[in-house]
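Here is a brief report on one protein model. Look over the sequence and the fold first, then read on.

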Amino acid sequence: MKSSLLQLGVIHHRIGVVPVVHALSTIRQTHRTIATLSTRYYQQKRCASRSGITTSSSILRSSLSSSSSNCNDTTTDGLAHRLDGLDQPTVWQEFSPLATQYNSINLGQGFPDWDPPHFVIEAMKRSIDPTFGRNANQYARSYAHMPLATVLAQEYTHRWQQSKLPSHLLPLDPTTQIATATGVTNVLYCALQGLINPGDQVVLLEPYFDIYSSQVQMAGGECVYCPLRPDTSAVGASDVFTLDLDELESKLSTQTRVLILNTPHNPTGKMFNRKELQGIANIVSNYPQLVVISDEVYEHIVFDTVNEPHLSIATINNGQIWHQTLTMSSAGKTFSCTGWKVGWAVGPSHLVKAVTSVQQWCNFSPTTPTQDAIAQALQIAREEPYQGYPTYYDWLASDYRHKRQLLVDALLVAGMKPIVPNGGFFIMADTQHVDFPYDDIANTQLSTAMPGYATGKKMPRDWALSRWLTQTVGVTAIPPSAFYSLDTVDLAANTLRFAFCKGESTLQQAKQRFETYFS
Ligand code: PMP
């Protein structure tokens, strides 16, 4: 059904709206009906199996004739309940293939389209070549490969000393206060599995990186959402996306087990400033059961290190909530090696244990050569000059600053207002002045991945705009509505997220396509 809709979408795009709309609306209705009936089928099947009825065909018949069900369960056939809804297509599965289909420049997904720096590749060669004697081809220690744990402990000790973490909390112990896993994705998975009991609440700040909510669900937790509110009079992502501390406090209770913080923030590019982090730390300290997970994967992609340095909440107010904080980061963004999947958690041993206790039964250990190579790379990055800059980190920030400007210029050509990010490699653009046939797309290009599909909600405007931009202009973005809960999804309506972790020529090409279409 979806592919026929896509094909018809192509026809619609090429020959115009009217002749196809009627046929499509019939298909759309049929599609919805089938979707509703199949959901009802699964609901009734689950209810029925609980009550001992097993004949599938009778259930399907009754699904077809019944218009209501008193079972609210929506498990997909055969999968565990904790995956309810999680087997559905995602925003990534929709827009990457669509970009390929239309030969569109994909500024959607966030990974660099270049290789890691030479010194990182060389480090990996040394890690796997036995002549260098690094012993990195067998299982690693489960907590973390020791050379990496040692470098990370030194790195964070040094950094957090400078951030005035009290001296009795330092130096960090590499054997108990550092855990590694397969990227932050997996570190977070282990941490949530290790911390959450059924029914515990996890507070997410919207918009949020979409794996958070899925992982909370898999761990048996319940998401509670607190949106960052847009201040349209402000300039720059850090000030446009504001956290109302009273609103945050209203979301917390004795049931709250985890608050996930992300700075620099995906998708907005916001960096939480000291005042905001102090406010959060003050609130969190009133809830001793609460753990802050601070996702800092973009820590080295920051654009004004003097006036707006990256801050870790673990160090704020002299380590006020150090004992309640797990700080996470990974090598993927920093060294342009997202496929290596080396991530880590740093913090007090009782929280690091949440990660390692799951890890030892799950992967036992992440891959050794990648950990070993990143151990070497971290040292070189900090200590040696790179391409005329004092360190690799200085070069990295400068390179991304340049790319950010290229994308800002391109978005202005398209009549969008970029909300200039202070960190990370995404730009949220205000798209309210982009004119496009929203209703045509919303009515004809049904998408099972879009938020609200199951409840019959109209396709969000940002979703439709990203489809239209891909098909008509040849540039693809990610609709941020994928990063909101249904209650607040309308906050995303007039925005799109564009990635600038792309080569200069890719960004120039995107600008040219905008020029061709919009000027
Ligand atoms: N956190 C955020 C905010 C991200 O944007 C990403 C990657 N897009 C990750 C975590 C995943 O990191 P990793 O590749 O280390 O699993």
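The sections below cover the overall fold, aromatic pairs, charges over rings, a pocket and the backbone.

## Overall fold

This is a predicted model. The protein has 519 residues, and 56% of them count as buried. Its secondary structure consists of 18 helices and 14 strands.

Contacts reach far along the chain. Take those between residues at least 6 apart in sequence: 74% join residues at least 24 apart. The exposed surface comes to about 21,800 Å². Carbon and sulfur atoms supply 52% of that area.

## Aromatic pairs

Two numbers describe such a pair: the distance of the ring centres and the angle of the planes. The whole structure holds 29 aromatic pairs. One of them joins Trp160 and Trp322. Their centres are 5.9 Å apart, the planes meet at 85°, and the pair is edge-to-face. Trp160 belongs to helix H6 (residues 146-162), while Trp322 sits in the loop between helix H12 (316-319) and strand S9 (325-330), so the pair ties together parts that are 162 residues apart in sequence. Are these two residues buried or exposed? Trp160 is buried, at 1% relative accessible area. Trp322 is buried too, at 2%.

A second pair is made by Tyr298 and Phe425. The planes stand at 80°, so this pair is edge-to-face; the centres are 5.1 Å apart. The cut-off for that label is an angle over 60 degrees. Tyr298 lies in the loop between strand S8 (291-295) and H12. Phe425 lies in the loop between strand S11 (417-419) and strand S12 (426-430). The two are 127 residues apart, and the pair links distant parts of the chain. Both Tyr298 and Phe425 are buried.

## A ring cluster and its charges

Tyr298 and Phe425 also belong to a cluster linked by ring pairs. The other members are Trp114, Phe303, Tyr400, Phe426 and Phe500.

Which arginines sit over rings of this cluster? Arg404 lies over the face of Phe303, 4.3 Å from the ring centre. Arg497 places its charged end over the ring of Phe426, at 3.6 Å from the centre.

## The second largest pocket

The second largest pocket holds about 690 Å³ of space. Its lining has 22 residues. Closest to the centre are Arg159, Glu299, His300, Thr305 and His310.

Which helix gives the most to this lining? H6 does, with 5 residues. Helix H15 (392-413) is also among the contributors, and H6 and H15 each supply at least two residues. H6 also carries Trp160 of the first aromatic pair.

## Backbone exceptions

Most peptide bonds are trans, and most residues other than glycine have a negative phi. Some places here depart from that pattern. The bond between Leu170 and Pro171 is cis, with omega about 0°. Pro171 is in the loop between H6 and strand S2 (178-182). Thr263 and Pro264 are also joined by a cis bond, with omega near -10°. Pro264 is in the loop between strand S7 (256-262) and helix H11 (274-284).

Positive phi values occur too. Asn135 has a phi of about 50°. Its loop runs between helix H5 (118-128) and H6. Asn135 is exposed, at 72% relative accessibility. Lys341 has a phi near 55°. Lys341 lies in the loop between S9 and strand S10 (342-346). At 32% relative accessibility, Lys341 is partly exposed.

Terms used:
Residues numbered from 1 in each chain as written. Predicted model: local features only at pLDDT ≥ 70, side-chain atom pairs only at ≥ 80, totals over all residues. Heavy atoms only, no water. Helix = DSSP H or I, 4+ residues; strand = E, 2+ residues; numbered from the N terminus. Buried < 20%, exposed > 50% of the residue type's maximum accessible area, 1.4 Å probe, protein only. Contact = heavy atoms within 4.5 Å. Areas by Shrake-Rupley, 256 points an atom, 1.4 Å probe, with all protein chains shown as cover. Phe/Tyr/Trp six-rings, centres within 6.5 Å; stacked < 30°, edge-to-face > 60°. Lys NZ or Arg CZ within 6 Å of the ring centre and 35° of its normal. 1 Å grid on protein atoms, 1.4 Å probe; cavity = no way out; pocket = protein on both sides within 12 Å on 5 of 7 lines; lining within 4 Å. Points joined across faces, edges and corners; volume = space filled by probe spheres on them.
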